[in-house]
Structure formats: structure tokens, C-alpha cells
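Here is a guided walk through one protein chain. Keep the structure in view and follow along from the confidence of the model to its core, its rings and one of its helices.

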Amino acid sequence: MPREFEWQEETLGSEDFYREDIEDLLQVGAWKEGFNEWAEYTNLDEEHVRIISDLGLFQTFDFYWDPTEDRLRFDAPTISDDWRKQDATESLDSSTVSMINGELTDLGRAVLEILEDYIERNDEASDYGWGEETYGKREE
């Protein structure tokens, strides 16, 4: 079973609405919980997880609030198109690369669900909710 990798903060757009709040939730446990849940059912083996780690893909997940759709979203990293030229991935075939990319998307979904649970718990524990009730209307 893959071992857990600690989420490392990478701010791709620190001015994004709610980004700091989401990063805080990831750091206090949402990443770890989501990763552990995903690790229970992933089809990846230790070698695949090592490749993902060596490529730094765990650190490049992006979780953010989409104000257009008024919901939490994520962008999962993928193995780059030039994977045949990289030492870490040259031994893979295209179906394995596709599988790894799919599993990274599954990891993003698992963490997103945990983030949503954290947000719901925060809403229930406070006098205000996430989104418009929490911060009021945002003027662009």
C-alpha cells in the first residue's frame, strides 16, 4: 500500500478568493484524510506512487473556490506529455500513464470530499456559513 506523502503548500494564485482558507484546511488534516482514504482503494503500487512523488505531482494539486459556479473545485496534476523522455517515467507505457493520471484525479476527488466535510463541520460549529454567508458579497 502506498505510504502517505505530506501535502506541501504551493500557492498558485494567492489572491484567489478563499485560497488561504482552503490551504489551512488542507494543512490541518483534509489532505492527510483524503490521501489515506484514496490509498485504501487506489490501483497504484509503490513504484507508481514513488514516480508521482519523484515528479512532485502530489505538491501541485490545486484546490480552490470557483466563484462562477459557487463551489469548491480542484485541478489534478498529470504526467507531462513528454513522459517518454523523463528518467522517472521512461519505463512506463501509455496505459500505465493514463492509469496514474486517472488515479491522481481520484485522489483529488477524495481530498475534495474531505474538504467539503471540513467546510460543513466549520459551518455547523460557527454562526456563519461558507460562501456568501461567511464573507458577504464580494465586489470585484
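This is a predicted model. The average pLDDT of the protein is 81, and 75% of the residues reach at least 70. Two stretches score poorly. Residues 1-15 have a pLDDT below 50, yet the model gives this stretch 38 contacts beyond near neighbours in sequence. Residues 132-140 also fall below 50, with 11 such contacts. Read both stretches with that in mind.

Now turn to the core. The largest nonpolar core holds 34 residues. Helices α1, α2 and α3 (94-125) and strands β1 and β2 each supply at least two of them. Which element gives the most to this core? That is α3, with 11 residues. Within the core, Trp 31, Phe 63 and Leu 115 have the most contacts.

Take Phe 63 and look around it. Leaving out residues up to four places away in sequence, Phe 63 touches both Trp 31 and Leu 115. Its other partners include Ile 22, Leu 26, Phe 74, Val 111 and Leu 112. The list is not purely nonpolar side chains: Arg 19, Arg 73 and Gly 108 are on it too.

Next, the aromatic rings. A pair of rings is described by how far apart the centres are and by the angle between the planes. The model has 8 aromatic pairs. In one of them, the ring centres of Tyr 18 and Trp 65 are 5.3 Å apart; their planes stand at 85°, so the pair is edge-to-face. This pair bridges distant parts of the chain, 47 residues apart. Tyr 18 sits in the segment before α1 (19-41), and Trp 65 in strand β1 (residues 62-66). Both residues are buried.

Phe 35 and Phe 58 form another edge-to-face pair, with 5.5 Å between centres and 70° between planes. Here the link runs from helix α1, which holds Phe 35, to the loop between α2 and β1, which holds Phe 58. The two are 23 residues apart. Phe 35 and Phe 58 are both buried. They also belong to a cluster linked by ring pairs, together with Trp 31, Trp 38, Phe 61, Phe 63 and Phe 74. Trp 31 and Phe 63 thus appear in the cluster and among the residues with the most contacts in the core.

Helix α2 repays a separate look. Which residues of α2 (residues 46-54) are buried? They are His 48, Val 49, Ile 51 and Ile 52. Viewed down the helix axis, these buried residues fall within an arc of 155°, so they line one face of α2.

His 48 is the polar name in that list. Is His 48 buried or exposed? Its relative accessibility is 12%, and the cut-off for buried is under 20%, so His 48 counts as buried. Setting aside neighbours within four places in sequence, His 48 contacts Thr 96, Met 99 and Ile 100.

Both ends of α2 have a feature to note. At the N-terminal end, Asp 45 acts as the cap: one of its side-chain oxygens lies 3.1 Å from the backbone nitrogen of Glu 47. Just after the helix, Gly 56 adopts a positive phi of about 75°.

One more backbone detail lies further along. Asp 70 is in the loop between β1 and β2 (71-75). Asp 70 is not a glycine, yet its phi is positive, at about 55°.

Definitions and conventions:
Residues numbered from 1 in each chain as written. Predicted model: local features only at pLDDT ≥ 70, side-chain atom pairs only at ≥ 80, totals over all residues. Heavy atoms only, no water. Buried < 20%, exposed > 50% of the residue type's maximum accessible area, 1.4 Å probe, protein only. Helix = DSSP H or I, 4+ residues; strand = E, 2+ residues; numbered from the N terminus. Arc of directions from axis to C-beta. Polar contact = N/O pair within 3.5 Å; in protein donor to acceptor, adjacent residues only side chain to side chain. Contact = heavy atoms within 4.5 Å. Phe/Tyr/Trp six-rings, centres within 6.5 Å; stacked < 30°, edge-to-face > 60°. Core = buried A, V, L, I, M, F, W, Y, C linked by side-chain atoms within 4.5 Å. pLDDT = per-residue confidence, 0-100.
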